[in-house]
Amino acid sequence: MKYDHAEKACQLFADGLNCAQSVLVAFCDVTGLDKELAIKLSSSFGGGMGRMREVCGTCSAMFMIAGIVYGPGESFSHEDKSEHYKRIQYLASQFKEAHDTIICRELLIGLAVTSTPEPERRTEEYYKVRPCVRFVRTAAEIMDKYLSENPPANG
């Protein structure tokens, strides 16, 4: 099966969701999450985790999707956990290949960014200079490719 969630994720970002929310919500059809639950679950990860500029929220969303779709359940072995962490590191490496890092503040280098808790207003100017929609697209494309190459057991 071929997956295509990039446009939906980008539109959700343009509509005002944070980077993590945009990616996670776009994949609700795959994860089975209720949209409102997905929005709430990923709300803390925007701006590199609450605007602390740590791991890019789009990557956090990819990792949440991978956990829901492929993660070991309640009964898991050491090998299951190792395989899952290997998967997460692979997804991160794909994002790094595209953008050199998964760290928000490094992705936003050259922009005047702060890590204050106050989010920036989503204005026309914000969207002109902010590269985040590119990261949203990349994460969605990586996840789509991974899902296509590694079909979920339930789908």
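This is a short tour of three helix contacts and one pocket, in a model that is predicted.

**Stop 1: helix 2 and helix 6**

Start by selecting residues 19–26, which form helix 2. Then add helix 6, residues 57–70. The two pack with their axes 7 Å apart, at an angle of about 30°. Angles under 35 degrees count as roughly parallel, so helix 2 is roughly parallel to helix 6. Look at how they pass each other: the crossing is right-handed.

Now show side chains. From helix 2, pick Cys19, Ala20, Val23 and Leu24. Their partners across the contact, in helix 6, are Gly57, Thr58, Ala61, Met62, Met64 and Ile65. Colour these residues by class and you should find 8 nonpolar, 2 polar and no charged.

**Stop 2: helix 2 and helix 4**

Keep helix 2 on screen and bring in helix 4, residues 35–42. Here the axes lie 8 Å apart and the angle is about 150°. Angles over 145 degrees count as roughly antiparallel, which means that helix 2 runs roughly antiparallel to helix 4. Helix 2 passes helix 4 in a right-handed crossing.

Which residues of helix 2 meet helix 4? Select Ala20, Gln21, Leu24 and Val25. On the helix 4 side, add Lys35, Ala38, Ile39, Leu41 and Ser42. By class, this contact has 6 nonpolar, 2 polar and 1 charged residues. If Ala20 and Leu24 look familiar, that is fair: both also meet helix 6.

**Stop 3: helix 7 and helix 10**

Clear the view and select helix 7, residues 78–99, together with helix 10, residues 132–149. Their axes are 10 Å apart, and the packing angle is about 135°. Helix 7 and helix 10 are therefore oblique to each other. Helix 7 passes helix 10 in a right-handed crossing.

For the side chains, choose Arg87, Tyr90, Leu91, Gln94, Phe95, Ala98 and His99 in helix 7. Opposite them in helix 10, show Arg134, Phe135, Thr138, Ala139, Ile142, Met143 and Tyr146. The residues of this contact divide into 9 nonpolar, 3 polar and 2 charged.

**Stop 4: the largest pocket**

Finish at the largest pocket, which has a volume of about 340 Å³. To find the place, select Gly46, Gly47, Arg51, Arg122 and Tyr126, the lining residues that lie nearest its centre. In total, 24 residues line the largest pocket.

Which elements give two or more residues to this lining? They are helix 5 (46–49), helix 6 (57–70), helix 8 (104–107) and helix 10 (132–149), so you have already visited two of them at earlier stops: helix 6 and helix 10. Helix 5 gives the most, with 3 residues. Colour the lining by class for a last look: 11 residues are nonpolar, 7 are polar and 6 are charged.

How values were computed
Residues numbered from 1 in each chain as written. Predicted model: local features only at pLDDT ≥ 70, side-chain atom pairs only at ≥ 80, totals over all residues. Heavy atoms only, no water. 1 Å grid on protein atoms, 1.4 Å probe; cavity = no way out; pocket = protein on both sides within 12 Å on 5 of 7 lines; lining within 4 Å. Points joined across faces, edges and corners; volume = space filled by probe spheres on them. Helix = DSSP H or I, 4+ residues; strand = E, 2+ residues; numbered from the N terminus. Nonpolar A, V, L, I, M, F, W, Y, C, P; charged D, E, K, R; others polar. Axes fitted to C-alpha atoms, helices over the stretch in contact; angles between N-to-C directions. Parallel < 35°, antiparallel > 145°, perpendicular 65-115°, else oblique. Left-handed = near helix turned anticlockwise from the far one by under 90°. Contact = heavy atoms within 4.5 Å.
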